[in-house]
Amino acid sequence: MTAQLLTDAAEPVTDRTVVGENLSLPLFRTLSGVLAGHPYLKVVVDRAENTWHLLDTAAHPFHVNYIATRILGMDLAALDAGLDAFNASVYTDPGRRFLLGVLSLHTEQVTDGRERTFLVLETTEADTMHGELLAFFYEFVRARVDGRLPLLLKPANHGQEEELAAISELCVPRILSHELFGSRPRAPLNPGEATGRLRFFRTHEEYAAAEAGLGWTDIVAMPCLPDDVPRVAGFLNTAPITPLSHTNVLASGWGIPNAIVRDLEELVDKDGLDGAWVRYRVREDEISLERLDHEPDLRAPAWHQQRIRLEPPLLEDVPVLALHRLRSADRDRYGTKAANLGELHHVLDSRTADLTAFYGRPRPPREDLYGHLAARLGLNAPSLAALRAAAAAFVATTVGAPEGVALPFALQQHFLASSPALQQGIGKLKMALELDATDVLDSLCLQLQHLIRHTPVPESVTRQISQAFPAPADPRGRLVVRSSSNAEDLPGFSAAGVYDSVTTAHGADELLDAVRQVWASLLSPRSVRLRHQVGISLDDTYMGVIVQEYVPASLGGVLVTCDPTRREDFRNVYLNCSPGSPEQVVEGSVLPQQYLYNTVEGGGRTVALGSSGDGLSAATRSRLADLCLTGRLLQSHFSGSDVDRPLDIEWLMTDRGGFRLVQVRPYAL
C-alpha cells in the first residue's frame, strides 16, 4: 500500500489552452498542473485586447514563451536573444501590456469541520506591479472567475505588500505568503529518496531509549529530531522546523531526505508504518511514504562510503594571532573557522577580490548575469572592472568581520602533552577505534573529556592566551569562545553543532575553562564517531579556538546562498533571523523568521514569521536584502573554483545597526 501525502497530476497530452472564457472549477482542473501539492493554472491578461489566456500547464511551462510565440509571433531564438529585455517588458514596465500570474486552488477547514475551497492569484516573485496594476489585475480576474469561488490576491514580494497597504482589503481581498503556507501540514526540507525501516518516536524519551540501536537502515521520525542524531537513512519531523536547522544542515551534508509531515502520527497509526520497511521520497512537489511488503535488499548509502581527506595539521609553535592577520591558508594551524574569518577580513580590507564570478557564469540562454548585478548595485552599463570595484565596495560597506584572536593547534598539543593521563587516555581511544570496539568508545570519550576539563593548563599556554587577548574594559566582560577545528566547515563535512562554543565566559578563569571545554568537544562520543565514519583519523584532528568580546545584537541569524528546498534555483538566498544573537537560530531554541531574497532580479518575500509572530519593518527587510546580496557576492570568493557552491553564513546586526559576519563556511548540498 502507499500512504501518498502529495501527488502529481496526470499530464495532458494535448494543448487545451483557452482564450477569453470564464473560468469554472471543472475548466480549472482540466488545465491545471500541481505544484507543492496544490493545483495551479497560469494566466496571461492582455490589456490591449481586453482578454485573458488560460494556459494548459503541461503545454506551456513558461508565460513568456507563450506570449512571445503564440501572441506576438516571435520564434524562441529571438526571444532568447533578448530575454532580459522581454522579461522587463512583462515584469517591471509600469505601463506593460501583459499581466502574468498564477491561480492556485486551496482548501481550509472552517469552524463546523467542513472544507472551504478558494483560489489565490499571484504574480512571480520578480514582478514589480504597483498598487493600481495589482488592483486592476485582481478585478479583471475576479470578474471572469466563477463567483462561488472566493478569490484572494497574494502579494509575491515585499514591494507588492507595501503597494497593497494603501488599498482597502474590501476592494482587493488578500492573503500573505506566510499565512498561506506557514502552517501547511507538509513541507519538504531536503530533497532525496531513501529505503529503510521507519522508526517513529512520539517523545524524546522514546527516542533516547532506542538511540543506541539506530543505524544507516533507519528512517527516524519524531516531533523534532535532536542535534546529535546519528547518521541514518532519512529524517521526518512532525513539528515545524526551518531548512537551516542543525538537523537539516546534517541532512543536506549526508544527502538524506528530510521533511515536515505534521499528520505523520495519524498515518503511522492508520497504516501500521512504525517499524515497517518503507520507500521515502521528498521532492519540491511530492512527499511520499510507500510501505513495502518485504525487507528490501539494501545497499549502504553514499554517505556510508564517504571519505574526507584532511591536509596534515601543522603543529609547530606559532603565536596566538588576531583574526585579521590570518588568511585561508592558515586553516592547517588555526582551524577552518578562524582561517575563513581571517580571509573575510582580507576581502573587506583589501577590496581586491573578484566578487562577481557567480554573476559571470552563463545561465542559458543568458551569457551572464552581469547586467542584473549592475542593476542591483545601481550602475548603468559599467565596465567589468568598474562592476568588480563596485561589488567589493558594496560588500565592505555592508558588513564587517569580527575582531578577536585565534589560538593555534600548537597550544592544544602542548596542553595534551603536559598530562600523562591524557596521553594514556588518547592511546586507549586510538586502539578502540582501530579495533572498532564501539562498545567502549563512548565511555573512553567521556573519560577523556572529563580529564581535559579538569587538567590544569600549563603556565606557558596560559601566558600566551592572556598576553594575546587584552583584558576587556570591564574585568567581568563577557567573552565568546568558539571552536575552530580542522575537521569542520569543510565541503561535505560541515560538523554543524558537533563542537562546543561558549558564549558566556567572564574573566580570565572562565576563559580558560571555556577553552578547555572547546578542546574537550573534539573528543565527544558523537564527534569521534562522525569523524571515524568518514575516515578522519584522530591523529589528524586538532582544535584551534577563537576568543572574542561579546557584541550585543538586536537581530541575528543564518543565511545560505541558495534555496535549500530548490536546488536548481540560482536566484534566491534563504535567510533566518530572530531578535538577539544568531545562537538562538542555530541552536533551534526559537522558530525564526524566514525570508527569501532574489539576488538576480531583486525583491524579497516572507516565508514564515516564526515564534515572534511579527514581521520586520520595511527598512530592516531592505537592509536584509543588502545582506543577502553580500552573501551571494562573497560566494564568488569563498566557493573557490565552483562558484555555484553555496555558503552558510552566521550574522548579527549590532545595536548600532551594522552587520557583522561571525562565521562563513560551505553549505553542503
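# Exercises on a predicted model

At 4% relative accessibility, Q663 counts as buried. The structure is a predicted model, and the exercises below work through parts of it.

**Exercise 1. Place Q663 in the fold and list its contacts distant in sequence.**

Step 1. The residue Q663 belongs to strand β27, which covers residues 659-666.
Step 2. The cut-off for buried is under 20% relative accessible area, and Q663, at 4%, is therefore buried.
Step 3. Leaving out residues up to four places away in sequence, Q663 touches K337, L341, D489, D648, I649 and E650.
Step 4. Q663 and G610 are 53 residues apart along the chain, and their C-alpha atoms are separated by 23 Å.

**Exercise 2. Decide whether S554 is buried, partly exposed or exposed, and find what it touches.**

Step 1. Strand β22 (residues 553-560) contains S554.
Step 2. Buried ends at 20% and exposed begins over 50%; S554 has a relative accessible area of 35% and is therefore partly exposed.
Step 3. Not counting residues up to four places away in sequence, the contacts of S554 are P579, G580, M653, T654 and D655.
Step 4. S554 and R656 are 102 residues apart along the chain, with 8.6 Å between their C-alpha atoms.

**Exercise 3. Work out the disulfide count, using C628 as the test case.**

Step 1. A disulfide needs two cysteine sulfur atoms within 2.5 Å.
Step 2. For C628 the closest cysteine sulfur is in C577, at 9.4 Å, which is too far for a bond.
Step 3. The count for the model is 0 disulfides.
Step 4. C628 is at 0% relative accessibility, so it counts as buried.

**Exercise 4. Describe how helices α18 and α21 pack.**

Step 1. Helix α18 spans residues 438-454 and helix α21 spans residues 525-533; their axes are 9 Å apart, at an angle of about 130°.
Step 2. Angles over 145 degrees count as roughly antiparallel and 65 to 115 as roughly perpendicular; α18 and α21 fit neither class and are therefore oblique to each other.
Step 3. On the α18 side the contact is made by T438, L441, D442, C445, L446 and Q449, and on the α21 side by P525, V528 and R529.
Step 4. Sorted by class, this contact of α18 with α21 has 5 nonpolar, 2 polar and 2 charged residues.
Step 5. One of the α18 residues, C445, has a relative accessible area of 0% and is buried.

**Exercise 5. Identify the residues that touch the most other members of the largest nonpolar core.**

Step 1. This core has 62 residues, and those touching the most other members are L407, L429, V481, F493, W519 and V545.
Step 2. Helix α20 (residues 507-521) supplies the largest share of the core, 7 residues.
Step 3. Apart from this core lies another, of 49 residues, including V600, L629, L633 and L661.
Step 4. Take L407 as an example: not counting residues up to four places away in sequence, L407 touches V320, Y334, I465, V515, G544, V545 and V547.
Step 5. As background, nonpolar side chains in soluble globular proteins tend to be buried together.

**Exercise 6. Find the buried residues of helix α2 and what they pack against.**

Step 1. In α2 (residues 63-71), the buried residues are H63, V64, Y66, I67 and A68.
Step 2. These buried residues pack against strands β2 (18-19), β4 (38-46), β5 (51-54) and β6 (98-109), and against helices α3 (76-81) and α4 (83-91).
Step 3. After α2 comes G73, with a positive phi near 75°.

Definitions and conventions: Residues numbered from 1 in each chain as written. Predicted model: local features only at pLDDT ≥ 70, side-chain atom pairs only at ≥ 80, totals over all residues. Heavy atoms only, no water. Buried < 20%, exposed > 50% of the residue type's maximum accessible area, 1.4 Å probe, protein only. Core = buried A, V, L, I, M, F, W, Y, C linked by side-chain atoms within 4.5 Å. Helix = DSSP H or I, 4+ residues; strand = E, 2+ residues; numbered from the N terminus. Contact = heavy atoms within 4.5 Å. Axes fitted to C-alpha atoms, helices over the stretch in contact; angles between N-to-C directions. Parallel < 35°, antiparallel > 145°, perpendicular 65-115°, else oblique. Nonpolar A, V, L, I, M, F, W, Y, C, P; charged D, E, K, R; others polar.
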